[in-house]
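User: I'd like to learn how to read a fold from its coordinates, one feature at a time. Can you walk me through this one?

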Amino acid sequence: MDMDGTLYNGDELIPGAEDFLRFLKNVGKRSVFMTNNSSRSRFAYVEKLARLGIESTVDDIASSVNATSCYLKEHYGDTLTIYLVGTESLRQELLTDGFHIVPADYEGDEVNCVLVGYDTELNYRKLERACHFLCEGALFYATNCDLRCPIEGGRYLPDCATICNMLEVSTGRKPRYLGKPDRYIVDYVHTKWGADYEDMVVVGDRLYTDIAVGANAGIDSICVLTGESTLADIDASEVTPTYIFNSIKDVYEILKS
Ligand SMILES: [Mg+2]
């Protein structure tokens with residue numbers, strides 16, 4: 001389950017979201033909440049869902065941070081010394097996962113990986129340090145490929161990929177983006193919860209993240225029209241959802257009947 005634009009918009013629950021989740025629970029299906037937002041911890045999502053009346057635990061959340069952490073561990077073990085362009089909450093999550101992260105004003109030469117998240121605590125010093133390490137040949141990873149983050153009132157803020165674009169233009173280096181639509185977040189769900197790929201479906205509102213992650217992982221997808229995508233966007237897109245519904249309420253009505 002994507003959250004923003006699928007289950008809620010900002011601080012408003014989308015009608016039918018509660019019924020849909022309760023129905024899944026009653027018939028013994030598991031829902032996992034996926035988010036590309038790496039600026040907030042999983043605890044913040046549990047709190048947010050609770051405020052909207054949806055019960056969950058940190059174990060029900062799969063974030064781009066989990067996918068990134070899994071990917072980096074699998075490919076590099078404990079060989080990375082990371083320069084992080086990310087929030088304090090992202091730093092804490094990565095430290096808990098056992099990663100070695102240098103301080104934001106680090107001047108030494110130990111860094112072999114620059115990792116960028118949706119850094120709502122960004123400053124110029126971090127950009128300057130990240131450019132330095134990238135020019136020195138450090139690996140370049142990013143938690144999510146979102147260019148902008150939707151906020152209330154139909155407005156947007158610069159997200160992870162927009163920060164990466166500054167670094168890319170400055171250094172000529174391109175990051176590898178983890179999180180949706182990279183299939184690794186689905187592989188993480190598969191491994192962690194033992195779910196078979198043919199038994200999973202991804203539900204979301206964004207074609208280039210939610211629906212694309214379904215296509216990349218080879219699982220079905222449901223696109224709901226309560227968030228970013230319109231029918232015209234879907235027609236014009238190369239990424240095709242398996243199913244299209246007006247809203248989560250319609251998915252619920254169909255399942256119920
Ligand atoms: Mg969304």
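**Reading the fold step by step**

Analyst: Sure. Keep in mind that this is a predicted model. As a starting point, 42% of the 257 residues in the protein count as buried.

User: What should I look at for the overall dimensions, and what radius of gyration does the protein have?

Analyst: The idea is to set the value against what a compact globule of equal length would give. For 257 residues that expectation is near 18 Å, and the protein has 18 Å, so the two agree. Along the principal axes, the C-alpha atoms fill a box of roughly 60 × 35 × 35 Å.

User: Which domains does the assignment give?

Analyst: There's domain 1, made of 8-30 + 195-256, and domain 2, covering 65-177. Taken over C-alpha atoms, their centres are 29 Å apart. Contact range is handy here too: of the contacts between residues at least 6 apart in sequence, 64% join residues at least 24 apart.

User: Where does the largest nonpolar core lie relative to the domains?

Analyst: That core has 65 residues, and the members touching the most others are Y83, V114, V116, A138, I185 and I248. Domain 1 and domain 2 both contribute residues, so the core lies between them.

User: Now secondary structure. How many helices and strands are there in the protein?

Analyst: Ten helices and 14 strands. For sheets, the general idea is that strands pair through backbone hydrogen bonds, either parallel or antiparallel. Here, one open sheet has five strands in the order β6-β5-β7-β8-β11, with parallel pairing. Its edges are β6 (100-101) and β11, each of which pairs on one side only.

User: Zooming in on that sheet, how many bridges join β5 to β7?

Analyst: Four, between β5 (residues 81-85) and β7 (residues 113-116), running parallel. Y83 stands opposite V114 in β7. Beyond its sequence neighbours up to four places away, Y83 touches V102, Y106, V111, V114, R129, A130, F133 and A138.

User: And helices? Which residues of α1 are buried?

Analyst: With a helix, you list the buried residues and then look down the axis. In α1 (residues 17-26) they are A17, F20 and L21. Seen down the axis, they fall within an arc of 90°, so they line one face of the helix. Their cover includes β1 (8-9), β2 (12-13) and α10 (248-256). After α1 comes G28, whose phi is positive, near 80°.

User: Let's try a loop residue. Is P175 buried or exposed?

Analyst: Count neighbours: the cut-off for buried is 20 or more other C-beta atoms within 10 Å. P175 has 22 inside that distance, so P175 counts as buried. You'll find P175 in the loop between α6 (160-171) and β11 (176-177). Leaving aside neighbours within four places in sequence, P175 is in contact with V116, F140, Y141, A142 and C164. Of these, V116 is also among the core members that touch the most others.

User: What is the geometry of the peptide bond from K180 to P181?

Analyst: For that you check omega. From K180 to P181 the bond is cis, with omega near 5°. P181 is in the loop between β11 and α7 (184-193).

User: So which residue would tie the sheet and the core together for me?

Analyst: Try Y83: it faces V114 across the β5 and β7 pairing, and both Y83 and V114 are among the core members touching the most others.

How values were computed. Residues are numbered from 1 along each chain as its sequence is written. This is a predicted model: local features need pLDDT of at least 70, side-chain atom pairs count only at pLDDT 80 or more; totals for chains, interfaces and linings use all residues. A nonpolar core is a set of buried Ala, Val, Leu, Ile, Met, Phe, Trp, Tyr and Cys residues joined through C-beta atoms within 7 Å. A residue is buried if 20 or more other C-beta atoms lie within 10 Å of its own, exposed if 12 or fewer, and partly exposed in between; C-beta atoms are placed from the backbone. Domain bounds come from an automatic or database domain assignment. Two residues are in contact if their C-beta atoms, placed from the backbone, lie within 7 Å. Helices (H or I, at least four residues) and strands (E, at least two) are DSSP runs, numbered from the N terminus. The radius of gyration is taken over C-alpha atoms; the globule rule is 2.2 Å times the number of residues to the power 0.38. The arc is that of the directions from the helix axis to the C-beta atoms. Two strands pair if DSSP finds at least two bridges between them.
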